[in-house]
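Biologist: I am new to this structure and would like a close look at one part of it, the way the helices pack against each other. Please go through the contacts one by one and say what supports each description.

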Amino acid sequence: MNRTFNNLFRPESIALVGASDNPNSAGCRFTRGLAESEYAGQVYFVNPKYKELYGQTCYLNLRHLPSVADLAVFVIAPEKIPQQLEICGEAGIKAVLIISGGHRRPNEKNNSLEQQYRDICAKYDMRFLGPESFGIQTPDLDLNLSAYAKPLQTGGIAFISQSRSVSEMTADWSYHEHFGFSYFISTGMMTDIKLHELIDWLSEDFQTDCILIYMEFLENAREFLSAAREFTRRKPIIVYKAGKTELGAQMVYGNRGHSAGTHPVYSAAFRRVGIIETRSLLQLFNCAEAFGKQTRPSGNRLAVVTNAAAPAVVAADSLVKNGGRLAEFSPTTLQKLKAVTPPQRKIANPVDLYFTARTADYQKAVLSCLFDDNTDAVLVIYAPGRDEDENNLAKTLVKIARSADKTVLICWISRSDRSRSKIILENGGLPVYHFPENAVNIFLRMHDYQRNFDLLYEAPSSLPEEFTRDKESARLLIENALREKRTVLNESETQKLLGFYGIASPENRVVLKVKDAVKAAREIGYPVVLKISSTAIENKTEVGGVELNLNSDEEVKTAFAKIKNNIAEQGLDQQIEGILVEKMIYKDYELYVSAEKHPVFGPAIRFGMGGVAYDVFDDTEYGLPPLNMALARRIIENTRIYKILRGHRGTKAVNIPDIQLLLYRFSYVVTDFPQIASLAINPFAIDETGGTVLNARAVLDPDTDPKAGKYTHLAISPYPEEFVKSMTLKNGENILLRPIRAEDEDIERELLENLSDRSLYYRFFSAGIKITRSMLSRFTNIDYDRETAIVAEYEDETGKHLAGVVRLALNPDRKEGEYAIAIRDDWQGRGLGGKMTDFILEIARIRDIKRIHATVLSDNRPMLRLFKSRGFSDRSLDEDTIAVEKFI
């Protein structure tokens, strides 16, 4: 992939097919631009109508070029492209940029053309970006292959847009704002090259510090989230997702099958992999500027230093309203600020220096705030005062920010957008905003990113109990319903399904006659509830199908007759399968939990207020399965009801881990069964003693093939349970080999701490390894699509421990993997390393990995013998290291 993408974005030679000097031709702009640019590579113009263009030879076709071009650019009619792609393939060209328009009309002819493009490129191992691309720019090469005539500045931001118009608007804005890019990429229709491939390639680019994406649609969600997660471990991705409203979604998606209601699932998916989502295009670029120039804040405590009260009030209001906090200064800081605060102003945050403030006053105040441990960032607000001080103040603030290890943002209420003082600040690496709300918003987005990153990779708590599920019984229940041509499970069946996963429901019976209802009520124990059992009627209360708090046989008889009468009056008799008799449950709170298939991300879990409150209050949060205990807690904490559940104004608090466990178990139901189209619990009643399902409904998808591919219905790879294996070592000791889990952080630390300096040196090529929290998180909280890590677990009287771990870190295409292994010294020499290596080679074959490679220190003789015995070839890299590899 790297070579092809280098040819596309960093070509040493370019062939422009459709070159022209006709001002009415689409190719004229590109021809003139290449002819007049300072691009140092070779440029070939191709058009049979010309022999020469702008003093350069124009070639008849691609076959006549003096050498093979790295990149072919098409600015020709769509119907001519298939022939030109064939010629590219025959000539050995591997990368193509298709600018050509005219593909977006939804007719059979153009759909067929796009498929032709794919088929031809696949035949020649060729890749293309587009069609309908606005073009690309690589500023550090002076390469402009876009429809925007002016060259953009060089910077550390890679911009990717799925819209031609947004690309043009962005190019024009960035040119006039002097905003620089490492790459400017208009994807067009993304018929071939996808977003995740661009992210993977940019992750290896040292010039790119951040990726901005204007997104309208998403394909290959699992690959996108996997690539984004890998990138955001080191650098930010910031996305503006179009189509947030119903109208916007209709305009963006057309016939793609999406709706505006799906947007919260996009937001949940972005959070899951550490992506920052912005609310506007302007915020997209403001965020990028701040992330590119500033240290990320460790908290949400902001200090404001100003010479004008009103903008500071606006900043404070915006901060608190959106979840931030004004920093509370220490007594030492307050004493320092006393020296620069006018007597008519209160010494507090915001720090109001009054309009008479000079540069020295700002300097003392800003430094005092930065040195305070209670401050995470400083916002400096400057309103026009003494003009002679503006430039000097700007230079001073740049100097302060460069030496600070905290975030510094500027709100510069200048008379001119391009004032000298503002240019000094921007050139000095300080993000500058005209309105205080914008600066505050960016501070909070920066904090959100850091907080989200920390939460994303926090070590989940262990399960309060060993989780076991009866997957086989659940499978039989679902298959039986589908075999009977039923796509909806009744309430009793749905409760059984949930029960197989440890989610409790009250005792109940389904009966047909009143005498059986009385008998069931006696057996269950009063009080009870009666409700209709029906797969056709979703809201039982609305049709008079529920009677609560029944305390005697007579009340049951009366309620039974009333329900039957209500149903008969509405002509619903044929839709009723019976009457469900259930234990009446009294709990303080009612919750809602559901999962529904999203057209892009597969099953999405929704949690929030339940019962009648679900329809009244918009208090739900989304998450993608699979969940662990930490991810479940994040979903809960992002709802308003969370504050009540913790205990509010005298109400009793529930045990939050009980709800976490509910979501954890619930996520496994939809993870295990792609046949589930939707599954809802409403309500789940809970109090301080625990919770239970009071109503549940499941809808099945008869068109889903459960054998189509394990877990392919999920956007995030679950824990690979199929790679769990018990074995006995040659001395009779038992060991469990299994994939690593995020919950293994503590025992992974113990393993590393018990490695000798020699073993550490062999594993990491350095003995001075500092075991950090981020290092442990990186080792245990892995993407199972991109990495396989197998641990050897044993148990003694003190608990569970790790004897070793073996890894395969895969390339983005998942065809090659780098091998690494570490075995505790007291477990070496027992054959464990060989067993673990054999197991991971077996997994590699199952996953269709073609090549495994590793680098070994030349004096690590046991490891070299192991590789040789398993058929690895080797070659010396230098006198200290040897490269080994094995093709499978």
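Modeller: What follows goes through two helix pairs, then the aromatic pairs, and ends with a few single residues. The model is predicted.

Start with helix α17 (residues 471-483) and helix α18 (residues 491-499), whose axes come within 9 Å and cross at roughly 155°. Angles over 145 degrees count as roughly antiparallel, and α17 and α18 are therefore roughly antiparallel to each other. The crossing in which α17 passes α18 is left-handed. On the α17 side, the residues that make the contact are Ala 474, Leu 477 and Ile 478. On the α18 side they are Glu 493, Lys 496 and Leu 497. Sorted by class, this contact of α17 with α18 has 4 nonpolar residues, no polar ones and 2 charged ones. One general point helps in reading such lists: an α-helix has 3.6 residues a turn, so residues three or four places apart point the same way.

The second pair is helix α19 (residues 514-524) with helix α20 (residues 553-569). Their axes come within 9 Å and cross at roughly 140°. That angle makes α19 oblique to α20. Here the crossing is right-handed, with α19 passing α20. From α19, the residues Val 514, Ala 517, Val 518, Ala 521 and Arg 522 take part. They meet Asp 553, Val 556, Lys 557 and Phe 560 of α20. By class, the contact of α19 with α20 holds 6 nonpolar residues, no polar residues and 3 charged residues.

Aromatic rings also connect helices. A search of the whole structure gives 29 aromatic pairs. One of them is Phe 5 with Trp 201, where the ring centres are 6.4 Å apart and the planes are at 35°, a tilted pair. This pair links distant parts of the chain, since Phe 5 lies in helix α1 (residues 2-9) and Trp 201 in helix α6 (residues 195-203), 196 residues apart. The cut-off for a buried residue is under 20% relative accessible area. Phe 5 has a relative accessible area of 1%, so Phe 5 is buried. Trp 201 is buried too, because its relative accessible area is 4%.

Another pair is Phe 291 with Tyr 449. Their ring centres are 5.4 Å apart and their planes are at 85°, so this pair is edge-to-face. Phe 291 belongs to helix α10 (residues 281-293) and Tyr 449 to helix α16 (residues 436-456); the two residues are 158 residues apart, and the pair links distant parts of the chain. Both Phe 291 and Tyr 449 are buried. There is also an aromatic cluster, formed by Phe 159, Trp 173, Phe 179, Phe 181, Phe 184 and Phe 285.

Helix α15 (residues 420-427) can be read by its burial. Its buried residues are Ser 421, Lys 422, Ile 424, Leu 425 and Glu 426. Just after α15 comes Gly 429, which takes a positive phi of about 90°.

Outside the helices, Thr 689 is found in the loop between β29 (676-687) and β30 (690-693). Exposed means over 50% relative accessible area. Thr 689 has 60%, so Thr 689 is exposed. From Thr 689 to Ile 888 the separation is 199 residues in sequence and 55 Å in space, C-alpha to C-alpha.

Terms used
Residues numbered from 1 in each chain as written. Predicted model: local features only at pLDDT ≥ 70, side-chain atom pairs only at ≥ 80, totals over all residues. Heavy atoms only, no water. Axes fitted to C-alpha atoms, helices over the stretch in contact; angles between N-to-C directions. Helix = DSSP H or I, 4+ residues; strand = E, 2+ residues; numbered from the N terminus. Parallel < 35°, antiparallel > 145°, perpendicular 65-115°, else oblique. Left-handed = near helix turned anticlockwise from the far one by under 90°. Contact = heavy atoms within 4.5 Å. Nonpolar A, V, L, I, M, F, W, Y, C, P; charged D, E, K, R; others polar. Phe/Tyr/Trp six-rings, centres within 6.5 Å; stacked < 30°, edge-to-face > 60°. Buried < 20%, exposed > 50% of the residue type's maximum accessible area, 1.4 Å probe, protein only.
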